[in-house]
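User: Hi! I'm new to this one. Could you walk me through it?

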Amino acid sequence: MKRVFVFGMSMLIGLAIAGEAAPLAQDPVVEARLVHISQELRCLVCQNESLSSSRAELADDLRREVRDLIVANKSDQEIKDFLVSRYGDFVLYRPEVKPLTWVLWFGPFVVLLIAGIFLLAYLRQRRASLQPQVLSDAERARVEQLLKD
Amino acid sequence: MKKVFIPMVFFFGLVIFLAIGLNRDPREIPSPLIGKPAPAFTLVTLESDKTFSPEQMLGKVWMFNVWATWCVACREEHPVLVAFAEKNQIPIVGLSYKEIQPQDPAAKQTDAIKLQVARERSAVWLQRHGNPYTTSVMDLDGRVGIQYGVYGVPETYVIDPQGVIRFKHVGAVTPQLLAEKILPLIQSLGKS
């Protein structure tokens with residue numbers, strides 16, 4: 001409990017300092033939603049960064065756009081739809097499940113399944129080849145004959 | 001024979017996938033705007049306080065080119081655009097995208113002063129390098145850029161007489177791109 005309190009206080013200090021630096025961070029509810037949404041969005045300039053962590057200028061502009069949409073009372077889905085309609089599925093870190101992205105979502109499982117089938121077939125074949133060979137009567141007789149000599 | 005065959009198929013399959021995947025440009029993101037109506041906007045132009053909207057271009061095939069004086073790749077494509085404009089085939093409208101960058105000293109000024117500085121700077125630049133644009137519109141805060149999915153200046157769009165975006169290119173326009181993609185497209189749009 002105490003730890004949570006200390007953590008909360010330190011966050012507050014952070015907010016107080018950040019507040020001075022960025023006058024846009026006025027409404028904490030809006031900012032929280034902004035961070036939440038922008039973590040799921042890709043910055044298009046520095047493609048391996050999320051919109052929330054990127055310091056690229058375009059990311060700034062897009063965050064401003066998202067902030068405005070939040071203030072305009074749009075839902076998370078509506079905001080994402082807007083960005084997808086402008087920049088394509090590429091902005092989403094978690095692309096929608098639709099026919100075009102099926103390979104992306106289910107491809108690895110299909111590969112796993114195929115690999116599993118191959119493994120099973122291989123193991124079965126191996127087990128068959130490892131079966132102890134039974135000697136026929138004629139062979140047994142010949143072995144005994146050889147051992148006797 | 002069969003034992004070699006299956007790994008061979010896998011191997012060549014992998015080679016084909018890698019050959020395609022590694023030769024693609026990761027910056028080239030397919031635009032979802034192709035085939036969609038060009039987003040509407042109203043902005044003042046570089047030349048005067050008269051405003052421009054895409055709907056004024058309905059009935060014409062036109063090119064929309066995003067540029068800025070700070071953009072290095074724009075300098076590279078500019079002679080290509082100037083030469084293209086001289087042939088006078090279709091109007092080219094420029095989008096002066098965020099002329100005043102945040103680190104610019106002028107960024108702290110009022111909007112009116114920013115607009116004035118941007119206009120002066122752009123006009124000087126166009127005088128020096130040539131002006132291929134029938135008009136340029138001033139997108140100082142980059143909002144129209146976002147509407148058009150701009151993420152790397154320069155970008156170029158071809159818009160048909162119905163106001164639908166038919167083509168988008170990110171990066172400098174080259175003579176090759178003009179000859180192979182843009183001109184055939186303009187011709188086919190002009191006929192229909």
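Analyst: Happy to; we can talk about the domains, the interface, the salt bridges and the disulfide.

User: Anything I should know before we start?

Analyst: This is a predicted model, where local features need pLDDT of at least 70 and side-chain atom pairs count only at pLDDT 80 or more, while totals for chains, interfaces and linings use all residues. Residues are numbered from 1 along each chain as its sequence is written, chains are lettered from A and ligands numbered from 1 in the order in which they are written, and side-chain values use heavy atoms, with hydrogens and water left out.

User: Thanks! Which domains does chain A have?

Analyst: Domain 1 (22-96) and domain 2 (101-148); such bounds come from an automatic or database domain assignment. The C-alpha centres of these two domains of chain A lie 54 Å apart.

User: How many residues of chain A are in contact with chain B?

Analyst: In chain A, 17 residues are in contact with 21 residues of chain B, where contact means heavy atoms within 4.5 Å. The area buried between the chains is about 1,700 Å², and carbon and sulfur atoms give 50% of it. Buried area here is the accessible area (1.4 Å probe) that two parts lose on being put together, summed over both.

User: Which three residues supply the most of what chain A buries there?

Analyst: Glu57(A), Arg86(A) and Tyr87(A), which supply 35% of the area that chain A buries against chain B.

User: And how many salt bridges are there across that interface?

Analyst: The rule finds 3 across the interface of chain A and chain B. A salt bridge is a side-chain nitrogen of Lys or Arg within 4 Å of a carboxyl oxygen of Asp or Glu. Helix α3(A) gives the most to the side of chain A that touches chain B, with 7 residues; helices here are DSSP runs (H or I, at least four residues), strands are E runs of at least two, and both are numbered from the N terminus.

User: Can you show me a salt bridge between chains?

Analyst: Sure: Lys98(B) pairs with Glu57(A), and their closest N and O atoms are 2.9 Å apart. The pair crosses from the loop between β4 (92-97) and α3 (111-129) of chain B to helix α3 of chain A.

User: Is Lys98(B) buried or exposed?

Analyst: Lys98(B) counts as buried, at 6% relative accessibility, whereas Glu57(A) is partly exposed at 24%. Buried means under 20% relative accessible area, exposed over 50%, and partly exposed in between (1.4 Å probe, protein chains only).

User: What about salt bridges in the whole structure?

Analyst: A search over all chains finds 16 of them. One is between Arg94(A) and Glu40(A), with the closest N and O atoms 2.4 Å apart. That pair links distant parts of the chain, 54 residues apart. Arg94(A) is exposed at 53%, while Glu40(A) is partly exposed at 21%. Both belong to a salt-bridge network with Lys80(A).

User: Got one inside chain B too?

Analyst: Yes, Arg166(B) and Asp160(B) meet in a salt bridge (3.0 Å, N to O). Arg166(B) is partly exposed at 38%, and Asp160(B) is buried at 2%.

User: New topic: where is the disulfide?

Analyst: Cys71(B) and Cys74(B) form it, with sulfur atoms 2.1 Å apart; the rule is a pair of cysteine sulfur atoms within 2.5 Å. The count is 1 over all chains. The link is right-handed, with 90 degrees about the S-S bond. Cys71(B) is buried at 3%, and Cys74(B) is buried at 1%.
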